[in-house]
Amino acid sequence: MSFYFKESPLIKELIKQVTKNKEDDLSYEVWQKVCKENGWIEVNIQQDEWIETIKDETKRMLVISYNSLNQDLKWNSKKKEKRLFRKGDEVISFEKDLEYYWDYMSQSKSS
């Protein structure tokens with residue numbers, strides 16, 4: 001279970017918020033709110049100068065790849081642009097956190 005806390009640093013807060021709101025799923029809006037409340041900064045892929053400040057080469061390449069994918073017209077949408085948040089060198093995505101949320105919830109129910 002500690003894997004989920006390491007890979008998705010906001011998972012405890014996300015679970016609390018979903019439970020508090022009596023929702024069945026983690027919505028993007030809830031995820032975005034929790035990110036902002038915990039000091040994460042929304043990444044605008046159109047203004048990616050900050051990427052060069054990421055010291056970890058692997059993380060930097062992942063963000064650049066993600067941005068390239070989102071620059072493709074068939075993928076580009078307002079909602080898609082705002083699915084990354086950063087804090088220092090750490091970058092999290094809604095898609096990954098949603099996956100970890102469901103994995104964590106299914107494992108905790110089977111325990």
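# Close-up views of a predicted model

**View A. Across the antiparallel pairing of β2 and β3, Leu84 stands opposite Ser93 in β3.** The model is predicted, with local features requiring pLDDT of at least 70, side-chain atom pairs counting only at pLDDT 80 or more, and totals for chains, interfaces and linings using all residues. Residues are numbered from 1 along each chain as its sequence is written, and side-chain values use heavy atoms, with hydrogens and water left out. Strand β2 (residues 84–87) is joined to β3 by 4 bridges, the two strands running antiparallel, and Phe85 has Ile92 as its bridge partner in β3. Two strands are taken to pair if DSSP finds at least two bridges between them; strands (E, at least two residues) and helices (H or I, at least four residues) are DSSP runs numbered from the N terminus. The hairpin of β2 and β3 has 2 residues between the strands, and Gly88 there takes a positive phi near 65°.

**View B. An open sheet of 3 strands has the order β1-β2-β3, with antiparallel pairing.** Its edge strands are β1 (41–42) and β3, each of which pairs on one side only. Helix α3 packs on this sheet, where it touches β1, β2 and β3, and the direction of α3 makes about 15° with that of β2. Such angles run from 0 to 180 degrees between N-to-C directions, the axes being lines fitted to C-alpha atoms, for helices over the stretch in contact. Touching and packing rest on contact, which here stands for heavy atoms within 4.5 Å.

**View C. The 17 residues of helix α6 (residues 94–110) should span 24 Å at 1.5 Å a residue, and the end C-alpha atoms of α6 are indeed 24 Å apart, in agreement with that expectation.** The expected span is 1.5 Å times one less than the number of residues in the helix. Along α6 the buried residues (under 20% relative accessible area, whereas exposed is over 50% and partly exposed lies in between, with a 1.4 Å probe and protein chains only) are Phe94, Asp97, Tyr100, Tyr101, Tyr104 and Met105. Seen down the axis of α6, these buried residues fall within an arc of 135°, so they line one face of the helix; the arc is that of the directions from the helix axis to the C-beta atoms. They pack against α1 (2–7), α2 (11–20), α3 (28–37) and β3 (90–93). Asp103, also found in helix α6, is partly exposed, with a relative accessible area of 29%. The C-alpha atom of Asp103 is separated by 8.5 Å from that of Tyr4, although the two residues are 99 apart along the chain.

**View D. Helix α2 has Ile11, Leu14, Ile15, Gln17 and Val18 as its buried residues.** Seen down the axis of α2, they fall within an arc of 165°, so that they line one face of the helix, whereas Lys12, Lys16, Thr19 and Lys20 are exposed on the other side of α2. The elements covering the buried residues include α1, α3 and α6. Gln17 counts as buried at 9% relative accessibility, and, when residues up to four places away in sequence are not counted, Gln17 touches Val30, Lys33, Val34 and Glu37.

**View E. Two loop residues flank the two ends of α2 in the chain: Ser8 is found in the loop between α1 and α2, and Lys22 in the loop between α2 and α3.** Ser8 counts as buried at 0% relative accessibility, and it touches Leu14, Asp97 and Tyr100, leaving aside residues up to four places away in sequence. Lys22 is exposed, with a relative accessible area of 76%, and just after α2 this residue takes a positive phi of about 55°, although it is not a glycine. Most residues other than glycine have a negative phi.

**View F. The whole chain, shown for orientation, has 6 helices and 3 strands.** Read along the sequence, these elements follow the pattern α-α-α-β-α-α-β-β-α. Of the 111 residues in the chain, 35% are buried. Among contacts between residues at least 6 apart in sequence, 66% join residues at least 24 apart. The chain exposes about 7,100 Å², of which carbon and sulfur atoms supply 52%; accessible areas come from the Shrake-Rupley method with a 1.4 Å probe, and for residues only the protein chains shown count as cover.
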